[in-house]
Amino acid sequence: MKIKLTSILALAFLMACSKDDAPVKPDEPAGGGGNTVKTGTYRVVNLVADTSATSAGDAVSLYYSLEENKVVPASQRQTGNWDIVFYGIYNSSIYPNNGAAQGSPGYGGPGKAEIAVIVDRKFDVQYYDTTNFRPTQIPVPAALWNEAYAKVTQVPAGLKFVTRDIGLDHFLGGFDGWGYYDFYGRLFPGDPQKSHVVYTMPRVMIVKTHKGRYAKLMMESIYKDSPANPNRTNKPGYITFRYSIQMDGSVNLNIP
Amino acid sequence: MKYFYSILLSCGLFACTKTETIAPKAEPGNRIESFRIVNVQGEPLEAAISDKENTITVYWPFYKQLSILEPAIALPAGATISPASGTLIENVFEALRTERKTTYTVTGADGSRREYKLQLKVLQPELVLKEVSSPDDIKAFSINMKEQYSSFSVTIQGSGFLENNDLMRVVPVDADGKELPPFMLGITNLGDITRITLHCEKYQEPYSPLVQALPATGLYRLRVYCYGRVKTLQFPIRINKLQ
């Protein structure tokens, strides 16, 4: 019985994933061909951003269309063909495609996208020191990721959207973000392999796409094969995230 | 007398019959009705179309900093155009710099064809460059290939630079008028549009295309491409590559 249940669960898991694991081809010609996705949950695994990235400088930016679930060439940054870009050091800043936002990658273009991060301090205390802004345990318990994601069933009323980036949490500025950058390796004193490591946290972002549709999005990892407890030996530049997009234009994000 | 009036009257009548309404000549079916750049904030940019010169001219202010253009083209019924409406015009800075030729071919419903030339015009302030050298004082810069790390920087003062390094390119031009690969542009003066700093550095292999292309020594005039403008310094600098 136990085996049977496990295999059913495994099967269910595989089926759930089958939609998502379609390989992403960065070289696909873009151009808003109208191949939009259906309302649903998608998971993008090991999307190759900039695998030669170091903490010393900006990585090659990765422009992504949530409505078409694909990478868009950087030359099209001033078009409406993308929704978010993974930008900056380790591709850690997620900017919306907003042409009115000065200093943002889509500046000058037609982009109307916006982004917000949901911060729920009552939830955060389970893994996070809300006074010193850093995780209290690594790895963050796996169950919290699904819980945080499932909790967001619609765009919260009064959520404040921004046109700047959502990035590393309270790093070089007082903004809440999706990941903790342990610059000095403070969480693991004495371990030289633990400085300059980015830990993702169970934080859900809401993206209003260029075309005005809502999606919830959660970063899972920036390292190859998403290690639960990454260190310096893990390769950065492999982005894994999941998102659920509502194509009917409503704020309903109760999407299986 | 009676006859006289009749004659006058009939003259009047005849004069009136001369007035005719002539229908305007039909517009050719192979023309572009409108050409709008739509990937901008607010109102689209409306291009000027000349059916006499067969040109499409897109004007825009430099501060829009467009690096790609997405046209929406309207045509008479039954006409087609190649490249199609919506086809992106990529790498606009390169198109401006190299005066890249783009032609649109319209085929009317009757099969007749017409070619329009695309002209890109950025409305941009003059680019003014202060000379680095003077006839009596040719400034020299060196890069030493024997050292593990070697570099030099050149600052050009002036006005009309952009704060966006992606839309500027500075190349040395040798005595034969040939352009070498571009310098790296400094980011410490971003936002200062009165100066740009050029860097050339030798560190780890592969070396930059400029370091690879430099011969042992040479005189070079510096050419600055700044979005829709280009200017070349009058007096050269010397660059030495010490082996």
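Biologist: How many salt bridges are counted between chain A and chain B, and what makes a pair of residues count as one?

Modeller: In this predicted model, the count between chain A and chain B is 0 salt bridges. A salt bridge needs a side-chain nitrogen of Lys or Arg within 4 Å of a carboxyl oxygen of Asp or Glu. No pair across chain A and chain B is counted under that rule.

Biologist: What makes the residues of chain A that touch chain B mostly polar, nonpolar or charged?

Modeller: The side of chain A that touches chain B divides into 3 nonpolar, 9 polar and 1 charged. Gly is placed with the polar residues in this grouping.

Biologist: How many residue pairs are in polar contact between chain A and chain B?

Modeller: There are 6 such pairs between chain A and chain B, both residues being at pLDDT 80 or more. A polar contact requires a pair of N or O atoms within 3.5 Å.

Biologist: How do you know what size the interface of chain A and chain B has?

Modeller: The size of an interface is often given as the accessible area lost when the parts come together. Chain A and chain B bury about 970 Å² between them, and carbon and sulfur atoms carry 41% of it. In terms of residues, 13 of chain A are in contact with 14 of chain B.

Biologist: Why is Ser92(A) called buried or exposed?

Modeller: Buried means under 20% relative accessible area. Ser92(A) has 4% relative accessibility, so this residue counts as buried. Ser92(A) sits in the loop between strand 4 (84-87) and strand 5 (93-96) of chain A. Leaving out residues up to four places away in sequence, Ser92(A) touches Tyr87(A), Ile166(A), Gly167(A), Leu168(A) and Trp178(A).

Biologist: What is the rest of chain A like in helices and strands, and what share of its residues counts as buried?

Modeller: Chain A has 3 helices and 13 strands. Of its 256 residues, 50% count as buried.

Biologist: Why is Ser34(B) called buried or exposed?

Modeller: The relative accessible area of Ser34(B) is 9%, and therefore Ser34(B) is buried, the cut-off being under 20%. Ser34(B) belongs to strand 1 (residues 34-37) of chain B. Beyond its neighbours within four places in sequence, Ser34(B) is in contact with Glu46(B), Ile49(B), Ala72(B), Ile73(B) and Ala74(B). Ala74(B) is 40 residues from Ser34(B) along the chain, yet their C-alpha atoms are separated by 5.0 Å.

Biologist: What makes the pair Ser34(B) and Arg36(B) a polar contact?

Modeller: The side chains of Ser34(B) and Arg36(B) make the contact at 3.5 Å. The rule asks for N or O atoms within 3.5 Å, one able to donate a hydrogen and the other to accept it.

Biologist: What domains does chain B have, and what area is buried between them?

Modeller: The domain assignment gives domain 1 (34-123) and domain 2 (128-242) of chain B. Their C-alpha centres lie 34 Å apart. The two domains of chain B bury about 890 Å², with 66% from carbon and sulfur atoms. On the side of domain 1, Gln65(B), Phe93(B) and Arg97(B) lose the most area to domain 2, together 69% of what that side buries.

Methods. Residues are numbered from 1 along each chain as its sequence is written. Chains are lettered from A and ligands numbered from 1 in the order in which they are written. This is a predicted model: local features need pLDDT of at least 70, side-chain atom pairs count only at pLDDT 80 or more; totals for chains, interfaces and linings use all residues. Side-chain values use heavy atoms; hydrogens and water are left out. Domain bounds come from an automatic or database domain assignment. Buried area is the accessible area (1.4 Å probe) that two parts lose on being put together, summed over both. Contact means heavy atoms within 4.5 Å. Helices (H or I, at least four residues) and strands (E, at least two) are DSSP runs, numbered from the N terminus. Buried means under 20% relative accessible area, exposed over 50%, partly exposed in between (1.4 Å probe, protein chains only).
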